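Here is a friendly tour of one protein model, with an eye on its charged and aromatic side chains. Have the viewer open as you read.

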Amino acid sequence: SCSGIWQPVWLEAVGATFVESFSIVPDPDRSRVLIEATVNGADRDLTLNVEAFANGKSVGKDSAPATWRDNRLVVDLSEKKLWEVGKPFLYDLKFTLARGSAKVDEVASYFGLRKVSIEGRAILINDRRVFQRTILDQGFYPDGVWTAPTDEALKRDIELSMAAGYNGARLHQKVFEPRFLYWADKLGYLVWGEFPNWGYDYRPENYANVLNEWVEILERDRNHPAIIGWCPFNETPAAAGEIQRIVARETKAIDPTRPVLE
């Protein structure tokens, strides 16, 4: 068993009202991206603007009156560049919360234009069958156990895997850090997101803790194009059936764009 802080921790100053979170759903069939954002704060008469960029060039934008929830925006893209295995393209994305010409908050992000679908027994990326030659990656480091020594070490893990002929990984029994997912996005490396299995005995009184933590993981990582599926359980006994079904239903409700291993 291991414990302690093993991923980056930081404090970020924000104003009285700010962009708290957002969900990005790419729609390559229609050359657009669907966004739902949450604004935290009580300030009124604000506008939420979002703009997409391809290689520094503005390729689409949208805006809407800002409310604390359900800020839905649709960015139609004038240039369609797909995120594909080994050939990724990432659009830059900028959110601006403003009152008139005065900027209240700004957030920079990115997205990949790709979709995941299933055809029979095949998983398709952008309507193309992709054979997933994936490695089981538990994210261990000789000098830090589950803590990578540097950002370069995270990137190097993916590069070594790709050099060995793999196009992705099952990120096994560990919630990987966002910087690893960033490099997977950047390098076009497919990954399946998992949840740790810590030997809990599947009693109903523990269901809420399991579900709450899994929802946090989904909401944090769902915007990474490299993640093409979720695997919240591993080698579970029959006693896990009820919580497996609960977690699977919740996962599909939060993220209907990816398959879930139940």
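The sections below go through salt bridges, backbone angles and rings in turn.

## A buried serine and its neighbours

Please keep in mind that this is a predicted model. A good place to start is S23, which belongs to strand 1, spanning residues 18–27. Is S23 buried or exposed? S23 counts as buried because its relative accessibility is 15%, and the cut-off for buried is under 20%.

Leaving aside residues up to four places away in sequence, S23 touches L34, I35, E36, R222 and N223. One of these contacts, E36, leads to the next topic.

## Salt bridges across the chain

How many salt bridges does a search of the whole structure find? The search finds 22. Side chains of opposite charge can pair when their charged atoms come close. E36 does this with R72, in a salt bridge whose closest N and O atoms are 3.5 Å apart. The pair links distant parts of the chain, with E36 in strand 2 (residues 32–40) and R72 in strand 5 (residues 71–76), 36 residues apart. E36 counts as partly exposed at 33% relative accessibility, whereas R72, at 54%, counts as exposed.

Another salt bridge joins the side chains of D127 and K115, at 3.1 Å from N to O. D127 lies in the loop between strand 9 (122–125) and strand 10 (128–129), and K115 in the loop between strand 7 (102–112) and strand 8 (116–119), so this pair ties together parts that are twelve residues apart in sequence. D127 is partly exposed, with a relative accessible area of 45%, and K115 is partly exposed with 21%.

## A strand-to-strand pair and a network

R170 and E194 also meet through their side chains in a salt bridge, with 2.2 Å from N to O. R170 is in strand 12 (residues 168–171) and E194 in strand 13 (residues 190–194), so the pair ties together parts 24 residues apart in sequence. What is the accessibility of E194? With a relative accessible area of 3%, E194 is buried, while R170 counts as partly exposed at 25%.

Salt bridges can also be followed through a network here: D27, R30 and R32 are linked in one.

## Positive phi angles

Which residue in the loop between strand 4 (57–65) and strand 5 deserves a look? That loop holds D70, which has a positive phi of about 55 degrees although it is not a glycine. D70 is partly exposed, with a relative accessible area of 45%.

E235 is another residue other than glycine with a positive phi, near 50 degrees. E235 lies in the loop between strand 14 (227–231) and helix 4 (241–254), and at 75% relative accessibility E235 counts as exposed.

## Rings and the charges over them

Turning to the rings, a search of the whole structure finds nine aromatic pairs. Among them, Y182 and W183 form an edge-to-face pair, 5.0 Å centre to centre with 70 degrees between the planes. Y182 counts as partly exposed at 21% relative accessibility, whereas W183 is buried, with a relative accessible area of 12%.

F89, Y91 and F111 form one aromatic cluster. Over the ring of F89 sits the charged end of K81, 5.5 Å from the ring's centre. In a similar way, the charged end of K174 sits over the ring of F176, 4.6 Å from its centre.

Technical notes: Residues are numbered from 1 along each chain as its sequence is written. This is a predicted model: local features need pLDDT of at least 70, side-chain atom pairs count only at pLDDT 80 or more; totals for chains, interfaces and linings use all residues. Side-chain values use heavy atoms; hydrogens and water are left out. Helices (H or I, at least four residues) and strands (E, at least two) are DSSP runs, numbered from the N terminus. Buried means under 20% relative accessible area, exposed over 50%, partly exposed in between (1.4 Å probe, protein chains only). Contact means heavy atoms within 4.5 Å. A salt bridge is a side-chain nitrogen of Lys or Arg within 4 Å of a carboxyl oxygen of Asp or Glu. Rings of Phe, Tyr and Trp (its six-membered ring) pair if their centres lie within 6.5 Å; planes under 30 degrees apart count as stacked, over 60 as edge-to-face and the rest as tilted. A charge sits over a ring if NZ of Lys or CZ of Arg is within 6 Å of the ring centre and within 35 degrees of the ring normal.
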